[in-house]
Amino acid sequence: MSAPASQGEVRVFADYERDFRESCDVVVVGSGPTGSVVAHELAEAGRRVVLLEEGPPFTPGEFELEGTLSMTRTMREAGLRATRGFVMPTMQAIALGGGSLVNSAICVRPPEFVFERWCSGFDLERTTRKDLEPHFDAVGEFLGIAPTPEDVQGPRNLLFASGCDALGYSSEPIARNVRGCRGSGECFTGCRSRAKQSMDISYVPAAIRHGARVLTSVQVQRIRSDGRRAAGVEGQVVEPFSGKRSHRFRIDADVVVLAAGCVATPVLLHHSGELANRSGQAGRNLQFHPGVAVMGIFPEPTHPQFGATQGYQSLEFLPDGFKLETLWAPPGVMAVRLPGLGLEYKRHLARISHCAVWDAIVSCNRSLGRVVPRRGRLDPVLHYDVHPEDVKIFQHAAWVLAEILFAAGAKRILPGIHGVPDVLHSLEEAEVVRRGEMRASQFVSAGNHVFSTTRMHGDPARGVVDELGRCHDFDNLYIADTGIFPQCTSVNPMYTGMALAHRTAQALVERT
Ligand SMILES: Cc1cc2nc3c(=O)[nH]c(=O)nc-3n(C[C@H](O)[C@H](O)[C@H](O)COP(=O)(O)OP(=O)(O)OC[C@H]3O[C@@H](n4cnc5c(N)ncnc54)[C@H](O)[C@@H]3O)c2cc1C
Ligand code: SF4
């Protein structure tokens, strides 16, 4: 075995010619928002860091504008991974930069009450909003997080603001990790103008400048350990898109940080012999922010392809359990939720130029699921059930979205709820959305915010990691991804994940 990677480069599939073995101070598994922050902070502090990523890097020329085709290249299971029980698609990226390559760059700090719940419910002492503020600040400054400017909002975002104003609901431009956004609405398929500060063009290159070695197309399959100590990781090189496995590798490290994502990390622990799972909590407590979206059709064209992908939000209803935001995705992806067949479907499709789609992400703290590993495979089965009390929040959120759409001037709305008429023409007609008891299965939902499968808990019997991300059962095994959230964040999770990762990295610098 010999080492293939020299410092200062991103290794790609074509660079691997044989099996290899390397050593470092810290190996980080996963280059999404959390792993990239950890790799950067440790490299900057002078540690020898190796960052491992199963997906390939993408250049702007490699982005596919057609949504479904793009999903086959950038997402696990071609973007069609879904939960069982409550059936809901959930997307996990496979790329250098992880979810940041395809996400909408929304960066929101959760309100204090979220952290108060975490601290009181999970025996945490140092995870108040005040404790995390310096870490949010550091990440925010590094990525240039700022509110979306008016000139790139476009009509479908500004209509949301006018609807909220008319009803007296608060609203604000969304803060995002972008520099020089042109409002192309293409965040989902990759930002061709490189305005979005996804990890592959922000934290990863900065880590490399500080000497980190970055290996892509490498699938970690097992964490090596000896007693209470992790010794490193091993796995195989995988060809991008086909997933064909070839050369074997092994990385020896003093510290192992898992940032493979909330779905992949518990599977890795399982395949490594139920590692770090004395509590039995690894893979349990799976939570989402299921999204409820309503489409409005306006009399004038909204030109929805123009404007920041998600430019406006309202935090008015956070205490009620949902956050409102504007939404856009490639037409092919949007069209999946249109009702009808044949001519009727075509008529709906023809009005996309006049539409605005707004969604609510729901804090489903009572709804739990689990990640179930499959024998010999790293792709898991996901189970998830929605608690009946959380279905009431879906209903409330859909009603408020209807209110705002009509207040903004929509002539009709498409609620996307089974058992409710496909098209509603007035707020009076929309009453059906909030009246009566509904089942979760009536809602067409999606859940790309995923948490809590390796949750932090002050009590080692009830959680996988401590407040700083260290596995309770290990001296030198850490988890940094959103799996460590005790519960959902009630707002978009990436920024919180990065702030916690920043704190973990600082703790590691002090300890190593
Ligand atoms: C379409 C979409 C839009 C979203 N929009 C927003 C938004 O605007 N704002 C927001 O806050 N959140 C958003 N999210 C969620 C956000 O992107 C995630 O919460 C965030 O990316 C999680 O970061 P992470 O580091 O925990 O994991 P990930 O981003 O999932 O990164 C994990 C990385 O680990 C790699 N990996 C996994 N297993 C292995 C292995 N065995 N070996 C090597 N590498 C491995 C993966 O390929 C991946 O690159 C969105 C998500 C999606 C899918
Ligand atoms: S809206 Fe367009 S320009 Fe702005 S960050 Fe997203 S993809 Fe880039």
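In this predicted model, G30 sits in the loop that links β2 (20-29) to α1. The surroundings of G30 are well populated: 27 C-beta neighbours fall inside 10 Å, so the residue counts as buried. Setting aside residues up to four places away in sequence, G30 touches G35, E53, G98, A259, A260, G261 and D481. A335, by contrast, lies 305 residues from G30 along the chain, and the two C-alpha atoms are separated by 32 Å.

G30 also leads conveniently to the first ligand. Ligand 1 is surrounded by 42 residues, and the closest of them are G30, G32, G98, G99 and M494. Four elements give two or more residues to this shell, namely α1 (33-44), β9 (218-226), α7 (264-271) and α12 (494-511). By residue class, the shell around ligand 1 holds 20 nonpolar, 19 polar and three charged residues.

The second ligand can be described in the same terms. Around ligand 2 there are 15 residues, with C181, S184, C187, C191 and K196 the closest. Seven residues of this shell are nonpolar, five are polar and three are charged. K196, one of the closest residues to ligand 2, belongs to the loop between β7 (175-176) and α6. Buried or exposed, how does K196 count? With 27 C-beta neighbours inside 10 Å, K196 counts as buried, since 20 or more are needed for that label. Beyond its neighbours within four places in sequence, K196 is in contact with A105, N177, V178, C187 and C191. Two of these partners, C187 and C191, are also listed among the closest residues to ligand 2. The C-alpha atoms of K196 and R182 are 9.9 Å apart, with their positions 14 residues apart in sequence.

Attention now turns to the interior. The largest nonpolar core has 154 residues, and V27, V28, V49 and L401 touch the most other members. Helix α10 (residues 388-407) supplies the largest share of this core, with 11 residues. In soluble globular proteins, nonpolar side chains tend to be buried together. For V49, the contacts outside four places in sequence are C24, D25, V26, V28, A39, L42, A43, A207 and A212.

Helix α10 is also part of a helix pair. Two packed helices are described by the angle between their axes and the distance between the axes. For α5 (residues 155-167) and α10, the axes come within 8 Å and cross at roughly 100°. The two helices are therefore roughly perpendicular to each other, as the crossing angle falls in the range of 65 to 115 degrees. On the α5 side, the contact is made by F160, G163, C164, A166 and L167, which meet E403, I404, L405 and A407 in α10. The residues of this contact divide into seven nonpolar, one polar and one charged.

Helix α6 (residues 203-209) offers a neat contrast between two residues, beginning with I208. I208 is buried, with 20 other C-beta atoms within 10 Å, and 20 is the lowest count that qualifies. R209, which lies in α6 as well, is exposed, having 12 other C-beta atoms within 10 Å. Both residues have partners far along the chain. I208 and L51 are 157 residues apart along the chain, yet their C-alpha atoms are separated by 9.6 Å. For R209 and E44, 165 residues apart in sequence, the C-alpha to C-alpha distance is 8.6 Å.

Finally, two loop residues deserve a look for their backbone angles. Most residues other than glycine have a negative phi, and most peptide bonds are trans. Which sign does phi take in A78? A78 has a positive phi of about 55°, although the residue is not a glycine. The loop that holds A78 runs between α2 (67-74) and β4 (84-85). Because A78 has 14 C-beta neighbours inside 10 Å, it counts as partly exposed. S452 also has a positive phi, near 75°, and is likewise a residue other than glycine. S452 is located in the loop between β21 (450-451) and β22 (477-479). With 25 C-beta neighbours inside 10 Å, S452 counts as buried.

Note on methods. Residues are numbered from 1 along each chain as its sequence is written. Chains are lettered from A and ligands numbered from 1 in the order in which they are written. This is a predicted model: local features need pLDDT of at least 70, side-chain atom pairs count only at pLDDT 80 or more; totals for chains, interfaces and linings use all residues. A residue is near a molecule or strand if its C-beta atom, placed from the backbone, lies within 6 Å of it. Ala, Val, Leu, Ile, Met, Phe, Trp, Tyr, Cys and Pro count as nonpolar, Asp, Glu, Lys and Arg as charged, and the others, Gly among them, as polar. A nonpolar core is a set of buried Ala, Val, Leu, Ile, Met, Phe, Trp, Tyr and Cys residues joined through C-beta atoms within 7 Å. Two residues are in contact if their C-beta atoms, placed from the backbone, lie within 7 Å. Axes are lines fitted to C-alpha atoms, for helices over the stretch in contact, and angles run from 0 to 180 degrees between N-to-C directions. Angles under 35 degrees count as roughly parallel, over 145 as roughly antiparallel, 65 to 115 as roughly perpendicular and the rest as oblique.
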